Protein chains: 2
Amino acid sequence: MEQLLLLAPSEARKRIDALQALMCHEGIDAVLVSDNANLLALCGRVYAGYAWIPAEGEPVWFVRRPVELGGDNVVYIHKPENIPAYLSEASLKTGGTIGLEYDITAYSAVLRLMGLFPDSKTANASGVLRRWRSVKTPVQAQLMRQSGVKHAEVYKRVPGLYRMGMTDHELQVEIEHLSRLQGCLGVFRISGPSMELFMGNVISGKNADNPTPYDFAMGGAGLDPSLPVGADGAEILENTTVMVDLNGNFTGYMTDMTRVFSLGKIPQLAVEAHQCSIDICHAFMKEARPGAAAKDLYAMAEAMVRERSLERYFMGHRQHAGFVGHGIGIEINELPVIAPRSRDILQEGNTIALEPKFVIPEVGAVGVENTYLVTGDGAECLTVCPEEIVPLI
Amino acid sequence: MEQLLLLAPSEARKRIDALQALMCHEGIDAVLVSDNANLLALCGRVYAGYAWIPAEGEPVWFVRRPVELGGDNVVYIHKPENIPAYLSEASLKTGGTIGLEYDITAYSAVLRLMGLFPDSKTANASGVLRRWRSVKTPVQAQLMRQSGVKHAEVYKRVPGLYRMGMTDHELQVEIEHLSRLQGCLGVFRISGPSMELFMGNVISGKNADNPTPYDFAMGGAGLDPSLPVGADGAEILENTTVMVDLNGNFTGYMTDMTRVFSLGKIPQLAVEAHQCSIDICHAFMKEARPGAAAKDLYAMAEAMVRERSLERYFMGHRQHAGFVGHGIGIEINELPVIAPRSRDILQEGNTIALEPKFVIPEVGAVGVENTYLVTGDGAECLTVCPEEIVPLI
């Protein structure tokens, strides 16, 4: 029988311990988790059901599907209403404060779960779970490192995929194809319902300045108003840049990486803005230490942009994004957020995608994005790949 | 300036009228919509913001992003708290019952929206919106027809993509590549957070019987426990089937279609089960008329399966799915649901994916899936493509 828990016992223990410490600090006596990303972080797989994590003691894994999973504390249920009966029979405490995923779970579903525990208070555990997920264990960091290596291998082969006269969409499809053959899982996990992406974006020329519904530096009209972002199907023109920002999910833990390619000669403004981005990344790598304030790191980036008078183009031109970096792991929008009013303080084990980008009207987008692991010795870059603008031909 | 509303005025009027009629019937005085799929159905594009639809009168489009959209009743806001002030200044009524998307919107977000209207009751508008979306206008049906044509073109070329020794994943990647080049938008919209798919599934041989976390007939272990569904990277073997069930989203409105391919000789049991599926589809096409009960259509399919003693394999083997068909359009899981206890009654304009499938252990999955439009004259198949099992070589 296949085991539900796919983590080594010591790794599982480490992750549960870390969550329980945060729960105790917040006064949450148990969390009931059903979000796929949180389940994956807890047990190493996605399943349909719930995980019950008490502040002290062992988790219980309530499974609806798939059939035939085994292991300690694996309990099959038909519906969430079966959970309280099991907990009470097993003499597991359900009083106190039960944390639910208020920021992710639909209103109707939360009301249903609240109804299971009429004698308990419920509280929002979304913040605790996000903070927990923002600190990666060495095993999780290694999964991201593996994604980063494959991600970089794909990007290094981009010039070989370009053929004269290609559209942005055609080049994107060739990169997707290579990436999928290299084992990219394709799925691009984004917390919350409002942001939709397929496998990321390839943006060229004036399309970079088309604003999107999302809080992105780079825009793009997309192929269709149902997904108004990214490549718009126009031919890649001489004297424009091509920004490639595609999915790095090879292990369930993804890296985020952007590189820029060019066709013909690129104006000096674009070259300078690109260098500014590289310089910001290198400065970030030194400063992104445990204890650093995310808002200070944003301010540092902004100061470097202002010094070179590039504010007009920074993080977008017609529309500006409100951040320069974001936590990443199972999902693309984890903590910490590198933004002007962020209250996040960096911790060892954070993984952060830094993306100082510029949109130069008529030319395209420039700038690099790397995923960094915060360590006691400064940041480690997980997306090692040449950073300069690379000619497509 | 680009217009927010991308629908012709008569089409926009028709869609709003239909929603308002349902709202009046349910006693909902206004709905505040923010789900991407609902916004797309209302105005023909996805944007970040809200649509305010009163039971009588004109919609107001509250936009956060993208910048620079124009048109009647387009109002830029920074946050939802700006909405009530605008409505009150414009003398638009906010009393009565305001419908919110309780089944989709996160608990925290619903509480925030409730706080905007302290003098109103709020109610769950998810049901009304789902029923509204389940009836397509001729313009929406035409977008699905266009997707169906492209979807079929891709499937017809599958045998040409196969090379000896390929794995299921490699074949899937080649089909994805062709499909994307033909204009497939890639994104696979599923309502609710629990089901995750990339571009659909290619399933072969014994992998078809691996159960997944999802309510699917066909299974598959997937490449990684973070996405435990579909192709598992094993070579496609002689005397197995290959079921192809991939994304048909070419227009924002998608079709769902499954076809089966074979390598070598397939056992008689699999051939008979496949024919049973085709026969069920043809019977459904005659019976799927306005007024037909979804549960009766399920019972008809089940009876045909029982007549041929194929129950063990129907809609899965180790794990069975609880339905045989589902509404489809912008999302893959719309109404009506063709299931034993469904209360849905078919209406003209419903679009339904019928997927009577069988899992034959060690051989693979068989059965077809088509998307049908319910018309006054019976159902129209939108996914016209040969239905028999097609040899890969």
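In this predicted model, chain B is superposed on chain A by a rotation of 180 degrees with 0.0 Å of shift along its axis, and the RMSD of that superposition is 0.0 Å. The two copies are therefore related as by a two-fold rotation axis. The same surface serves both copies, since 100% of the contact residues of chain B recur in chain A.

Turning to that contact, chain B contributes 50 residues and chain A contributes 50 residues. On the side of chain B that touches chain A, the elements that give two or more residues are α2 (36-43), α4 (107-114) and α8 (168-181) of chain B, and among these α8(B) gives the most, with five residues.

A second contact lies within chain A, which is divided into domain 1 (2-134) and domain 2 (138-391). The centres of domain 1 of chain A and domain 2 of chain A, taken over C-alpha atoms, are separated by 34 Å, and the contact takes nine residues from domain 1 of chain A and twelve residues from domain 2 of chain A. On the side of domain 1 of chain A that touches domain 2 of chain A, α2 (36-43) and α5 (126-134) of chain A each supply at least two residues, while α5(A) gives the most, with four residues.

The table sets out both of these sides by residue class.

| Side | Nonpolar | Polar | Charged |
|---|---|---|---|
| Side of chain B that touches chain A | 26 nonpolar residues | 14 polar residues | ten charged residues |
| Side of domain 1 of chain A that touches domain 2 of chain A | four nonpolar residues | one polar residue | four charged residues |

Definitions and conventions
Residues are numbered from 1 along each chain as its sequence is written. Chains are lettered from A and ligands numbered from 1 in the order in which they are written. This is a predicted model: local features need pLDDT of at least 70, side-chain atom pairs count only at pLDDT 80 or more; totals for chains, interfaces and linings use all residues. Copies are superposed by least squares on the C-alpha atoms of residues with pLDDT of at least 70 in both. Two residues are in contact if their C-beta atoms, placed from the backbone, lie within 7 Å. Ala, Val, Leu, Ile, Met, Phe, Trp, Tyr, Cys and Pro count as nonpolar, Asp, Glu, Lys and Arg as charged, and the others, Gly among them, as polar. Domain bounds come from an automatic or database domain assignment.
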